[in-house]
Amino acid sequence: MSTMPNTSRVDSTSQNVTVNQQCLNFVAATMMNGSGKFLALISAYVLSRVVHHLLRPLSQPYITSDLLIGLILATLPPVRDAFANQFTLTLDNIVDFGMICYMFVLGLEMDPYVIFKSPTRHAMVAYAGTLTTLIIATAITPWLHYSRHTNIVTFTISLSIHLSGSGSHILTRLITNLKIGKSDIGKLGIGAGVHSDMITMFFLSIGYIFVPTGDFASAQEGMKGAIKVGSALVIQTIVAAKISPIFMNWVNNENPEGKPLKGSHLVLSMAFMAVICTCAPWYGYNSFMSAFMAGLFLPSEGRISKWAINKINYLLSTLFYPLFFFWVGLKVDILSFRAGHIDTWGRFFSLVFITTVGKVAGTVICGLLLGYHWPELVALGLLLTAKGHFHIYFAIYGLRKEIIDMTTCISMVIVVFLTIVHTPFLVKHIIERARQRVPIHRMALQWLDPSSELRILLCVHGPHNLPSTINLMEISRGTPEPGLLVYVTDMIELTEQLAATLVQGEGVDSMTITDKSVTEMRDQIGHAFQAYIDDNGGGITLSRMLALSTFSGMAQDLSVLAEDLMVSLILLPFHKRLNADGTLDGGHPGFRYVNRKLLRNAPCSIGILVDRGFGSIEKISRSSLTNVAIIFIGGKDDREALSYAGRVARHPGVKLTVIRFLVDKTSENAPRRVNHRASVAEQEEEMKLDDECFAEFYERYVAGGKVAYMEKHLANSSETYTNLRSLGGQYSLIIVGRGGRVNTVLTLGLNDWQQCPELGPVGDVLSGSGFACQTSILIIQQHSIKGQLDGLSDEFSIM
């Protein structure tokens, strides 16, 4: 009797040990299984980035590598076996939520009200390509039996609209990354793609109302369900279009630009958007279409909307897309593709035919009626065949609902892949044709079309540059027609202290400066230029720019900015400032480095202003009289300076004098040493160009009495130096070319004692300490053209 309790206690203990062991085994198995899933997902992320890097020479987008890795990785038997049904259901829910976010931001980036405006060329091309594809698809797909388990009319319409659309998100990113977004064909492709995507998604959203989603006992009940769903969608649309702007404007006003978004307002805004997206699904409407319709009619302007677009797109591209394509690989089984059946290939090539021929035919027909060239229209039509993430999800959705079989689903996914993979090669073909038609783009004043406005990138270091730069802009204005377009650019060094005050804006590369000293300086510069424009700005268009960078990268930023703005001249301040006693200080080495680097790599002509009192004189106007001179010795830089002087000569408040230095070969002081680096034929060709350029200038300005003319016959560089020194105090500004002279007899040896080689031999003498401090110097260098350009202007036109 006494041993019975002990035995029971032992049995209980052994049972507890067994249960604990089973729990530990279960936890260990679960962890091991979970670690395998985690490893597969991480592999999908890493491998997609590695493959994208390998495909970078082919300019393939991320969707290509993501889809390849997703299909290949999920096909491996260990990976497919590791994902149980329960986890697959969780993955389904994650992907569905991600697609809701995708559809929401897709609609948010579109403007639905363009439908009610008169159609633009973008819209007409989009509608034509969509309509022809829709007609061809509607005529062909019913006979191919893609689906045998659903209403043939419903399926045909849905598939036809699906094939008629374009992946605007993918197409826009491709065209932008391949740098043809600013060209005429790039703008047309982006605009037509957005229109095509929007109109097809809108039709799918409206058509979903009339598709029975449940089992109705009668047609009357089905009609009641459609009315209920349609009413819910109408109410959601009205709230998004009419009521939400009131709330969004209030949030935007409470959170001005340059300040961090308030957390409470951000949470309220996200909750408000989520409520609008879920209104219609409460009554049976599709959640994806509801998110698209809500985003479509929500206001896309404003800080909150831009923030949502930026953040959601970032999360989608960083986290969701690799996971999405891995999920696609799990859903489709490549090994189940019935490649041995002839009807499989018939259906596959029919999809390719419908997608390609429909878009190209409609685009070409409409484009020819609009006056475009047919080779570019064919390329544009092929670009518009590109599909996106939703089109792949549409195929998987049909497979999940058992509307289509596995083979048809795989065929649709492959067709989407083929519509994307060819686009970079099309863009390269477009660029090659553009290079053949526009081989060289000369960004120099000498080659500027007289009927085109002059574009200048006018750079300033700070408020101390204001008087001189405003006077320089005034004498550069020329005639009111075609006018002058000036981009006033603040050159600000990005220090660690300043970087700590930057605030990330809504755009991907948008930053806002909150440093008080910088904002006050920029406001002072902006107010000064605006006051000048308000008082005497006829014919001048002013824009404000910012070059915020370290000195090592500022020259590159200015070059990119000048190229994007298509300017013909960059005007830079000298790195030395004028002291109160009339001398120049030691200068800023950082700005000197920027100037020297720009002189080597700028995509247009360069001018450096050495301010020695040009800003301290009375404000130049049409009623004042300012003496300006230009020294012409010869060479491409002097010809460029002469072209600039032609604009200065048109100013009624400027008295321009042209001083031409000619070689006196009969003088006994003429040196025997000449430039051996240039051949006689090259020297004669340069002298011929100099004579032609100067003769044209003389006939236009000097012969009519607008410009004074003076010749100086010199024998050597010593006489050149003496004559340059004698010009001090006679002129407020002297314009000279930096160099580029083949015959250097008159400047030979001047560069032996140069203090600032970036100014050239003549500019260095005139800006030296021995020259009169009342005279400012403008040194101009012409844009160097080295054969055929490797690149191409982003704004090329070939349509």
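In strand β6, I570 is the bridge partner of L457, and that pair is a good place to start a tour of this predicted model. Three bridges in total join strand β1 (residues 454–460) to strand β6 (residues 569–573), and the two strands run parallel. From there the briefing moves across the sheet, then to a buried strand, a helix pair and the nonpolar cores.

**The sheet and the helices on it**

- β1 and β6 belong to an open sheet of 10 strands with mixed pairing, ordered β5-β2-β1-β6-β7-β12-β11-β8-β9-β10.
- Its edges are β5 (540–549) and β10 (708–714), each of which pairs on one side only.
- From one strand to the next, the twist averages 20°.
- Helix α21 (residues 551–565) packs on this sheet and touches β1, β2 (484–493), β5 and β6. The direction of α21 makes about 150° with that of β5.
- Helix α25 (residues 717–726) lies across β8, β9 (654–663) and β10. Relative to β10, helix α25 runs at about 145°.

**Strand β11, seen from both sides**

- How many of the five residues of strand β11 (residues 733–737) are buried? Five of the five are, so β11 is largely enclosed by the rest of the structure.
- Both faces of β11 are covered, with L733, I735 and G737 buried on one side and I734 and V736 buried on the other.
- Strand β8 (residues 626–632) is joined to β11 by three bridges, and these strands run parallel. Here V628 of β8 stands opposite L733 in β11.
- Strand β12 (residues 776–781) is joined to β11 by five bridges, again with the strands running parallel. In this pairing, V736 stands opposite I779 in β12.
- As general background, the strands of a sheet pair through backbone hydrogen bonds, either parallel or antiparallel.

**The loop after β11**

- L748 sits in the loop between β11 and α26 (760–766).
- Is L748 buried or partly exposed? Its relative accessibility is 27%, and because buried means under 20% and exposed over 50%, L748 counts as partly exposed.
- L748 and S717 are 31 residues apart in sequence, yet their C-alpha atoms are 5.6 Å apart in space.

**A helix pair: α23 and α24**

- Helix α23 (residues 636–649) packs with helix α24 (residues 680–702) at an angle of about 10°, and their axes are 10 Å apart.
- Angles under 35 degrees count as roughly parallel, and α23 and α24 are therefore roughly parallel to each other.
- On the α23 side, the contact is made by K636, R639, L642, A645, G646 and A649. On the α24 side, it is made by E686, L689, D690, C693, F694, F697 and Y701.
- The residues of this contact divide into eight nonpolar, one polar and four charged.

**Nonpolar cores**

- Which residues have the most contacts inside the largest nonpolar core? They are M99, Y285, F324, F326 and F390, in a core of 123 residues.
- Helix α12 (residues 303–331) supplies the largest share of this core, 14 residues.
- Leaving aside residues up to four places away in sequence, F326 touches A40, L41, A44, G70, L73, A74, V79 and F83.
- Another core, of 50 residues, lies apart from that one, and L498, I620, V654 and L778 are among its members.
- In soluble globular proteins, nonpolar side chains tend to be buried together.

Notes: Residues numbered from 1 in each chain as written. Predicted model: local features only at pLDDT ≥ 70, side-chain atom pairs only at ≥ 80, totals over all residues. Heavy atoms only, no water. Axes fitted to C-alpha atoms, helices over the stretch in contact; angles between N-to-C directions. Helix = DSSP H or I, 4+ residues; strand = E, 2+ residues; numbered from the N terminus. Parallel < 35°, antiparallel > 145°, perpendicular 65-115°, else oblique. Contact = heavy atoms within 4.5 Å. Nonpolar A, V, L, I, M, F, W, Y, C, P; charged D, E, K, R; others polar. Core = buried A, V, L, I, M, F, W, Y, C linked by side-chain atoms within 4.5 Å. Buried < 20%, exposed > 50% of the residue type's maximum accessible area, 1.4 Å probe, protein only. Pairing = 2+ DSSP bridges.
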